[in-house]
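Visitor: Please place the sequence and the model before us, and let us then examine them together by question and answer.

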Amino acid sequence: MVLRTSKSVPTPKQNKVVRSPTNGKSPSSGPTSPVVVKSRRKDKDPTTASKSPQPKTQKRRPNSAASSKTPKRSSGSYSDALDEPLRRVIKPENQLTLTEKELEEDFTRILTGDDPNLPQNVCRFSFKDKCYKPDPPGQGDNMAIHFSLEGCSMHVNSDECKKLMAQQEGAVSIIPDVHDSESSDSDGKATAVAAVEGKGDSDDRTMAKNQFNFSERASQTFNNPLKSRAINTEPPLVTQYQDDVSQWKIYDNYKADFLVNQKMMENQGTEDNKLASMMLDYKEPSSPLPRSSSSSEQDILDTIHSETMGNTLKIMERLVNQNAQDDVFQDFKYYEDEGDQFREHGEGVVMPLWTFATSRTNKKQVTSLCWNPRYNDLFAVGYGSYEYMRQSSGMVCCFSLKNTSHPEYIMSVESGVMCLDFHPQYPSLLAVGCYDGSVLVYDIKNRSNAPIYSSCLRSGKHSDPVWQVCWRHSNAFNFYSISSDGKVANWTMSKNELKMEPFMFLKLTSPVSNKKEDISNLEPATSGLAGGSAFDFNSKLDNLFLVGTEEGNIHACSKAYSGQYIKSYDGHHMGVHAIQWNPFHEDIFISCSADWTVKIWDYNSSQCLLHFDLGDDVGDVCWSPYSSTVFAAVTTDGKVHVFDLAQNKREPMCSQKVDKRALTKATFNRKEFVLIVGDDVGRVISLKLSPNLRRLHNVGGEERALDEIQRDAMVKLITSI
């Protein structure tokens, strides 16, 4: 588009007009004189302005009518008000001087649709070229839409509008008229007959759907009716109850409960409830009734000392104890030492958990430990003394990991307890061996301090301390014991008494020659018995068992040949403290002694397979129940030594001091990775093994039974020695 305009003066400033009143004064004569500046659209000839620089005064021509009516005044004030202001043209200093020809010249200007505010240097990142590139101008960049409206109107003369109107008129003609129904009856019948015969009009006059109207399209469908289902239930009855508790209210509640039980017993009307009639004359004593263990009727009547109350209090005590020691219980269940993966050579540690002790066992030594075969959290502790001059009464305590503050059961014994063992089938039966040679059997369910069976001189008794007892058959009520008097006895629980049957006497042995090669050929001495200190039965062979003596010898014996030894092993220079078969391999066993050594033996070889010197008196040694190559030993310097022969056959995987006192006994838990150790001041310390100390070594890498996997691991170890 081309627009022609007259040429204007290309100066930055235009002419200015200054108006001042014509009172004979100059514009700058007074400080209050107003100055009016007006811009002019068209400049006049600057030459004319320059030639007549003096202002011209123009007088307004008065109206003839007004002048005739208005009286003439000779005063100067009225004439000054009617005069026009003085105009003075001032030329700017930088104004160009143009001629008439230059002023009349025309210039052509082109108007474009480009937006001057639109940026021209926009850059965008190109993912194809991996760089920034200038964005080229688009088609709609300079377009500005000021108004937009979407409608559905169509042009009347368009083909689409004509087609739609024809369809609407055809649909209306199909609907019959009510007023013309009678007149067109005959025509309608003829049309219907023609339609049936196919002779009618073939035009399809159905109304088409509007494809651009969604609401109209949706109206053509049938909407299923909405259904709402709700079930209202009656809220449960809520009863608010509040009361305070005092000593007399507790007493009244127990008294009311007692009377209710009494009425229930009266309603039964049987002979077994004769005790109810005796309670009619019952009077409350001034002091609480003492509990009698021999009277079951007393427990039934006295609610406070009933068995139900005892179980409830036991549960509450366990809950309080677990809340008080929550951090230790969390470590026992969930904590795993992550430092094992950073230790060299796969070493591990043991983490102390709880210490079990009572005030009554402070000056006694822990002489035996045994886990219950059914309840994995329950274990028994025997207290006594190994010193001859410090013998006193003994004690048996049963602790539980669920209540670490106080033992579950306590049994006092006249003599010091040296050993104990739970029955494998009946976990409430506990066999106890004492320092005076007596053997006791307790039933911890009775909660009685008196044993159910006790040995005596008439039925049989050991003359020296009993160092170990062991239940052999799970279904039989008999067990075995070994003593320093040289006897291995079988004890049978009859109806009224505990009978002793010595089935083997441990005879002293002497080598045939002085050569060490002939040590295995030991012959019984002519007189004297060897003091037995430890024994263990083979789990696979019923008649085979091992015996350790105070002289340091180890003998393989059989119940079928009770008169002589099958094999003899000269393993230690001092007394044997413990001996045990491997739970996964029937030919491997381990022993420890006071000569600071732990030795691993093969039943078919007279020489030991492995020999470990722990540097101090070894109190006890035991195999782990989860691995055939892991065992633990305790020494009198307070250290726990844990070995894993599959990883290191020379050094222990863990040698950690856990107590300042001497450690005497140790045993593994059958289910949890927990080791308990006892010391010589009556304390039992529970230790949790780190992951490096409880690895399972699968030789073949296949999924097999645990016994088969561990047996193969031990066989591999034997062949590598």
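Visitor: Of the 20 residues in the largest nonpolar core, which touch the most other members?
Guide: This is a predicted model, in which local features need pLDDT of at least 70 and side-chain atom pairs count only at pLDDT 80 or more, while totals for chains, interfaces and linings use all residues. Residues are numbered from 1 along each chain as its sequence is written, and side-chain values use heavy atoms, with hydrogens and water left out. A nonpolar core is a set of buried Ala, Val, Leu, Ile, Met, Phe, Trp, Tyr and Cys residues joined through side-chain atoms within 4.5 Å, where buried means under 20% relative accessible area, exposed over 50% and partly exposed in between (1.4 Å probe, protein chains only). In the largest such core, of 20 residues, the members that touch the most others are V640 and V677.

Visitor: Which elements give two or more residues to this core?
Guide: Helices (H or I, at least four residues) and strands (E, at least two) are DSSP runs, numbered from the N terminus. Two or more core residues come from each of β31 (630-635), β32 (639-644), β34 (663-668), β35 (674-679) and β36 (684-689).

Visitor: With which residues is V677 in contact, leaving aside its neighbours within four places in sequence?
Guide: Contact means heavy atoms within 4.5 Å. With the neighbours within four places set aside, the partners of V677 are L369, V634, V640, V658, L663, K665, A666, R683, V684, I685 and L687.

Visitor: Where does I482 lie, and is I482 buried or exposed?
Guide: I482 belongs to strand β17, which covers residues 478-483. Its C-alpha is 9.7 Å from that of D464, a residue 18 places away in sequence. The relative accessible area of I482 is 0%, so the residue counts as buried.

Visitor: How many of the six residues of β17 are buried?
Guide: N478, Y480 and I482 point one way from the strand, whereas F479, S481 and S483 point the other way, and all are buried. β17 is therefore mostly covered, by the cut-off of under 20%, and its buried residues number six of six.

Visitor: Which residue is the bridge partner of N478 in β18?
Guide: Two strands pair if DSSP finds at least two bridges between them. β16 (residues 466-471) and β17 are antiparallel partners over five bridges, with V466 matched to S483. β17 and β18 (residues 487-493) are also antiparallel, over five bridges. In β18, the partner of N478 is T492.

Visitor: Which residue takes a positive phi in the hairpin of β17 and β18?
Guide: This hairpin has three residues between its strands. The residue with a positive phi, near 85°, is G486.

Visitor: Which are the edge strands of the open sheet of four strands?
Guide: The sheet has the order β22-β23-β24-β25 and antiparallel pairing. Each edge strand pairs on one side only, and these strands are β22 (532-537) and β25 (567-570).

Visitor: Which residue in β25 stands opposite N553?
Guide: β24 (residues 553-558) pairs with β25 in the antiparallel sense over four bridges. Opposite N553 in β25 stands D570.

Visitor: How many disulfides does the structure hold?
Guide: A disulfide is a pair of cysteine sulfur atoms within 2.5 Å. C434, for example, is buried at 0% relative accessible area, and its sulfur is too far for a bond, because the closest cysteine sulfur, in C419, is 7.9 Å away. The number of disulfides is zero.

Visitor: Why does the salt bridge of D542 and R472 tie together separate parts, and how many residues apart are they?
Guide: A salt bridge is a side-chain nitrogen of Lys or Arg within 4 Å of a carboxyl oxygen of Asp or Glu. The closest N and O atoms of D542 and R472 are 3.3 Å apart. D542 lies in the loop between β22 and β23 (544-549) and R472 in the loop between β16 and β17, so the parts they join are separated in sequence by 70 residues.

Visitor: Is R472 buried or exposed?
Guide: Its partner D542 counts as partly exposed, at 35% relative accessibility. At 17%, R472 counts as buried.
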